[in-house]
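Please walk me through this structure in a viewer, one selection at a time. Tell me what to select next and what is there.

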Amino acid sequence: MPATVHYKGSLYFGSNAELEEVTHLIGKEASQPLFKVDEFDKKLTIEVSEHFEKWEALQDVFLKAVTYATNGMVLGYNNDAFADVFCANRTNEFSSDRPGAIVFTLQEFEATFGKLDLDISKVVYDSPFYIYDISLKKAAMKFPDEDPISDEDCDVGFAALKTIWVDHVAKSDAFALPMLFKVLDDGEDGYSVQSHYGFAPGYTFDEVIGEARKKNFLVFRWSDFWDNNYEIND
């Protein structure tokens, strides 16, 4: 019988963005992974069996996977003998190596905080919006085929984004805030974060998410960002 390696366990995440990324990471390396996904609890149960030649690659995958998880562990076995344990070790600190972006619609914002006091056209209201840390310029999302809009619509869209960012996102105590944005020490004035934001008229929501993922962003949906039910283990 050929030598085998086996991995099984469960990981919990602070967002569905991280859960999806880990599912993708493991799926790329394992030939027939078994996943059970609980999107409500943001839980991923994993079972992987492979020939021993995959051992080194799978070790690297699980070492990376647990950096996305807030809780849980995966056990590794070599021919049914316990060999290793991979424990969740996600920190709530910004890292340019693992950039994240919030992608949302104005409808999602208004469902959370109420109507914006702006005269917003349909083309702007239906556009996908995004926010990410200002320092991630090298990973900037590009939308060259945006539908042309008027200067007035452009101004209204960015006025909406400024309100959303300044009055809500930047001042939130959301679990994901320090993971998505670099917290700056402003001395006596306290702390601040800075963002790059925009919207993409003419693009679908899935197209914007696809562009973000091409740039290696973890895509945080609006509901992901505002979910405060997960805490980092000390």
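The tour below goes from a sheet to the helices on it, then to single residues. Keep in mind throughout that this is a predicted model.

**Stop 1: the sheet**

Select the five strands that form an open sheet. Their order is 2-3-1-4-5, and the pairing is antiparallel. Strand 2 (34–38) and strand 5 (81–87) are the edge strands, each pairing on one side only. From one strand to the next, the twist averages 10 degrees.

Now pick out strand 1 (residues 4–12) and strand 4 (residues 71–78). How many bridges join strand 1 to strand 4? Eight, and the two strands run antiparallel. For one such pair, click Tyr12: its bridge partner in strand 4 is Asn71.

**Stop 2: helices on the sheet**

Add helix 1 (residues 16–29) to the selection. Helix 1 lies across strand 2 and strand 3 (43–51). Its direction is at about 5 degrees to strand 3.

Next, add helix 2 (residues 55–65). Which strands does helix 2 lie across? They are strand 1, strand 3, strand 4 and strand 5. Helix 2 runs at about 10 degrees to strand 1.

**Stop 3: helix against helix**

Keep both helices and hide the strands. Two packed helices are described by the angle between their axes and the distance between the axes. For helix 1 and helix 2, the angle is about 180 degrees and the axes are 10 Å apart. The two helices are therefore roughly antiparallel to each other, since angles over 145 degrees count that way.

Show the side chains where they meet. From helix 1, select Val22, Leu25, Ile26 and Glu29. From helix 2, select Ala57, Leu58, Val61, Phe62, Lys64 and Ala65. What is the make-up of this contact of helix 1 with helix 2? Eight residues are nonpolar, none is polar and two are charged.

**Stop 4: Glu18 and Arg90**

Stay in helix 1 and centre on Glu18. Is Glu18 buried or exposed? Glu18 is buried, because its relative accessible area is 0% and the cut-off for buried is under 20%.

Select its surroundings. Leaving aside neighbours within four places in sequence, Glu18 is in contact with Phe13, Tyr68, Arg90, Met179, Leu218 and Phe220. One of these, Arg90, deserves a label. The side chains of Glu18 and Arg90 make a polar contact of 2.9 Å.

Jump to the other end of that contact. Arg90 sits in the loop between strand 5 and strand 6 (100–104). Arg90 is also buried, with a relative accessible area of 4%.

**Stop 5: two positive phi values**

Most residues other than glycine have a negative phi, and most peptide bonds are trans. The last two selections have a positive phi.

Select Asp80, in the loop between strand 4 and strand 5. Its phi is near 70 degrees, a positive value in a residue other than glycine. Asp80 counts as exposed because its relative accessibility is 72%, and exposed means over 50%.

Finish at Asn216. Where does Asn216 lie? Asn216 is in the loop between helix 7 (205–214) and strand 11 (218–221). Asn216 is not a glycine, yet its phi is positive, about 70 degrees. Asn216 is exposed too, with a relative accessible area of 60%.

How values were computed:
Residues numbered from 1 in each chain as written. Predicted model: local features only at pLDDT ≥ 70, side-chain atom pairs only at ≥ 80, totals over all residues. Heavy atoms only, no water. Helix = DSSP H or I, 4+ residues; strand = E, 2+ residues; numbered from the N terminus. Buried < 20%, exposed > 50% of the residue type's maximum accessible area, 1.4 Å probe, protein only. Polar contact = N/O pair within 3.5 Å; in protein donor to acceptor, adjacent residues only side chain to side chain. Contact = heavy atoms within 4.5 Å. Axes fitted to C-alpha atoms, helices over the stretch in contact; angles between N-to-C directions. Parallel < 35°, antiparallel > 145°, perpendicular 65-115°, else oblique. Nonpolar A, V, L, I, M, F, W, Y, C, P; charged D, E, K, R; others polar. Pairing = 2+ DSSP bridges.
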